[in-house]
Amino acid sequence: MKLISVGFGNAVNADRIVAVVSPEAAPVKRIVQVAKDGGMAVDATCGRKTRSVIVCDSGHVILSALRPEALAGKTDNE
């Protein structure tokens with residue numbers, strides 16, 4: 001199992017990640033809201049601005065304060 005750091009001491013199993021996207025688009029905002037309403041959202045921002053949304057194959061949505069480019073770089077380099 002490979003873990004990807006999503007900031008502030010939090011990590012996600014890299015094998016479960018489906019997509020890492022920017023939170024600015026309206027469809028992504030809807031995905032986040034549905035996940036929050038259904039109890040499937042994990043806020044790993046520690047109070048910071050959400051800069052990326054990680055969608056997992058389990059239906060969980062993880063909010064991160066790191067940019068999508070930074071998270072993608074972690075998966076490529078490690």
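Half of the story in contacts (heavy atoms within 4.5 Å) is long-range: among those in the protein between residues at least 6 apart in sequence, 50% join residues at least 24 apart. The model is a predicted one, where local features need pLDDT of at least 70, side-chain atom pairs count only at pLDDT 80 or more, and totals for chains, interfaces and linings use all residues. Residues are numbered from 1 along each chain as its sequence is written, and side-chain values use heavy atoms, with hydrogens and water left out.

The protein has two helices and six strands, where helices are DSSP runs of H or I with at least four residues and strands are runs of E with at least two, numbered from the N terminus. Read from the N terminus, the order is β-β-β-α-β-β-β-α. Strands β1 (residues 3–7) and β2 (residues 10–13) pair in the antiparallel sense over four bridges; pairing takes at least two DSSP bridges between the strands. Here I4 sits opposite V12 in β2. Two residues lie between the strands of this hairpin, and F8 takes a positive phi near 60°.

As for overall shape, the C-alpha atoms fill a box of roughly 35 × 25 × 20 Å along the principal axes. The radius of gyration, taken over C-alpha atoms, is set against a globule rule of 2.2 Å times the number of residues to the power 0.38. The protein has 11 Å, which agrees with the value near 12 Å for a compact globule of 78 residues. Of those 78 residues, 28% count as buried, meaning under 20% relative accessible area with a 1.4 Å probe, protein chains only.

Key
Buried means under 20% relative accessible area, exposed over 50%, partly exposed in between (1.4 Å probe, protein chains only).
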